[in-house]
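Q: I have a structure open and would like to learn how to read it. Could you take me through some of its features, one at a time?

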Amino acid sequence: MFSFNHPVEIKFGEGIFTRLNEFVEEYDYERIVVAASGSQVGNGVVNLIESLLGDKVRQVVTGIEANPTLGNVESIVSAMYEHDAHAVIAAGGGSVMDASKAAAAAYMQGIGIGALFGHKDFSEALPVIAIPSTSGSASEVTPSSVISDKENELKVPLSGPGLYPKLAIVDPELTFTCPPHVTAVSGIDVICHALDCLGSSKNNPISDALAIRAAKLAFENLSTAFDEPENREARKNMSLASVLAGMAFSQTGTTASHAMSYYLTSHFDVPHGEACAFSLDEWFVINAKANPELHHHARDIGFEDADHLSVRFNDLKRKVGLRITLDELGIDRNHIENIAEESLKQANMKNNTAQLDKTEIVQLLERK
Ligand SMILES: [Zn+2]
């Protein structure tokens, strides 16, 4: 037996963003707070939201950091209280959507910002309308949010059904202005989400189908989206791949490549997607040894087997300018033991098909 529950309404299509007013009217939201990244203010998207929704927009909150902080969440919550908000629109990348989702839950459940990290039951939230400007995080279709506490150097994942947005408006045209390096690190994350799902002990036939389609689309379109930012077909396919991978990992969670990424991001500032991609080539082959079904999935994605997929994955990383060795990342080999130890502590490592011990993980890292 397996179950699959995905409560987000998804509107997908080129140019649909200009129909925002029509979508909002379906829900009767009259007082709306908008949270937006600086890039969405700069490129005119926020102005367009204000002109489409008129006085329904009561406040625009900006200045959300790349790793959204408790302070960012608090500024959105304050705006919700001040305007007795009916909904929040999150326009931007994963950081804006994550901060808005956490704020929506904190507001609706009356959770003080200081108590947010200790809170476990995220079952309710103010409705979130997510409008992604990148293809990668998939926060628009997942029940999770990662928030940072700068003072204590903490990055805390929050999760619960209340953190699913109400509505995701996915307009590939909004990704045209995404710079090539952001396209590369977020796009490679799509493949990490898809392949992490296939290597999850919680996978099911629906998550597998979504993940295989997502991985195939991303393998076929990422380098074109990187080389030609306004290539409509490539951007549309990357947006679709991101949504499909997000729907898949909303059910299974992520696994080893993500578990190994956190230390690289928090200690060496490696961008999230690049940090996950760093070890994914190894994990996919290791998982295929534990579950030979992954060789079939690799064929469905377009490769001969898991080993071939792994080699081509590294070729793709090179092509879009990502680093693939410890030396290239500027990480001294004396950190290998720590990376292995910290990876093993992560909850999503336990979710991985192949369970490696510390010695085996050290060996994996020594091959890098
Ligand atoms: Zn990711």
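A: Gladly! Keep in mind that this is a predicted model. Let's start with a single residue: His297 is buried, as its relative accessible area is 7%.

Q: Why does a value of 7% make His297 buried?

A: The general idea is a cut-off: buried means under 20% relative accessible area. His297, at 7%, is therefore buried. You will find His297 in helix 11, and beyond its neighbours within four places in sequence it is in contact with Leu198, Asp208 and Ile212.

Q: Is Ser3 buried or exposed?

A: Here the other cut-off matters, since exposed means over 50%. Ser3 has a relative accessible area of 52%, so it is exposed. Ser3 sits in the segment before strand 1 (9–12).

Q: Which residues does Ser3 touch, not counting those up to four places away in sequence?

A: Ser3 touches Asn204 and Gln251. Take the second partner: Ser3 and Gln251 are 248 residues apart in sequence, but their C-alpha atoms are 8.9 Å apart in space.

Q: What is the spacing between Tyr263 and Glu342, along the chain and in space?

A: Those two are 79 residues apart along the chain, with 6.8 Å between their C-alpha atoms. Tyr263 belongs to helix 9 (residues 256–268) and is buried, with a relative accessible area of 11%. Leaving out residues up to four places away in sequence, Tyr263 touches Phe268, His335, Asn338, Ile339 and Glu342.

Q: How do I read a nonpolar core?

A: The general idea is that in soluble globular proteins, nonpolar side chains tend to be buried together. In this structure, the largest nonpolar core has 51 residues, and those with the most contacts inside it are Ile191, Leu195, Phe219, Phe284, Ile301, Leu309 and Phe313.

Q: Which elements give two or more residues to this core?

A: They are strand 8 (167–170), helix 6 (180–198), helix 7 (205–227), helix 8 (232–252), helix 10 (272–290), helix 11 (293–301) and helix 12 (306–319). Helix 7 gives the largest share, eleven residues.

Q: Where does this core lie with respect to domain 1 and domain 2?

A: Domain 1 (9–174) and domain 2 (180–366) both contribute residues, so the core lies between them. The C-alpha centres of the two domains are 26 Å apart, and their contact takes 17 residues from domain 1 and 20 residues from domain 2.

Q: What is Phe284 in contact with, apart from its neighbours within four places in sequence?

A: The contacts of Phe284 are Leu195, Leu198, Leu294, Ala298, Ala306 and Leu309. Apart from the core we have been discussing lies another, of 35 residues, among them Ala85, Ala90, Ala103 and Ile113.

Q: How do I read the packing of two helices, and at what angle do helix 10 and helix 12 cross?

A: Look at the angle between the two axes: over 145 degrees counts as roughly antiparallel. The axes of helix 10 and helix 12 come within 9 Å and cross at roughly 175°. These two helices are therefore roughly antiparallel. On the helix 10 side the contact includes Ala277, Phe278 and Phe284, and on the helix 12 side it includes Ala306, Leu309 and Phe313. By type, the residues of this contact are nine nonpolar, two polar and three charged.

Q: Are helix 7 and helix 12 roughly parallel or antiparallel?

A: This time the useful cut-off is under 35 degrees, which counts as roughly parallel. The axes of helix 7 and helix 12 come within 10 Å and cross at roughly 10°, so these helices are roughly parallel to each other. Phe219, Leu222, Ser223, Phe226 and Asp227 of helix 7 meet Leu309, Arg312, Phe313, Leu316 and Lys319 of helix 12. That contact divides into six nonpolar residues, one polar and three charged.

Q: One last feature: how do I read a phi angle, and what is phi of Ala138?

A: In general, most residues other than glycine have a negative phi. Ala138 has a phi near 65°, a positive value in a residue other than glycine. Ala138 is in the loop between strand 5 (128–132) and strand 6 (144–149), and it is buried, with a relative accessible area of 1%.

Q: What is phi of Asp269, and is that residue buried or exposed?

A: Phi of Asp269 is near 60°, again a positive value in a residue other than glycine. Asp269 lies in the loop between helix 9 and helix 10 and counts as exposed, at 66% relative accessibility.

Terms used:
Residues numbered from 1 in each chain as written. Predicted model: local features only at pLDDT ≥ 70, side-chain atom pairs only at ≥ 80, totals over all residues. Heavy atoms only, no water. Core = buried A, V, L, I, M, F, W, Y, C linked by side-chain atoms within 4.5 Å. Buried < 20%, exposed > 50% of the residue type's maximum accessible area, 1.4 Å probe, protein only. Helix = DSSP H or I, 4+ residues; strand = E, 2+ residues; numbered from the N terminus. Domains from an automatic or database assignment. Contact = heavy atoms within 4.5 Å. Axes fitted to C-alpha atoms, helices over the stretch in contact; angles between N-to-C directions. Parallel < 35°, antiparallel > 145°, perpendicular 65-115°, else oblique. Nonpolar A, V, L, I, M, F, W, Y, C, P; charged D, E, K, R; others polar.
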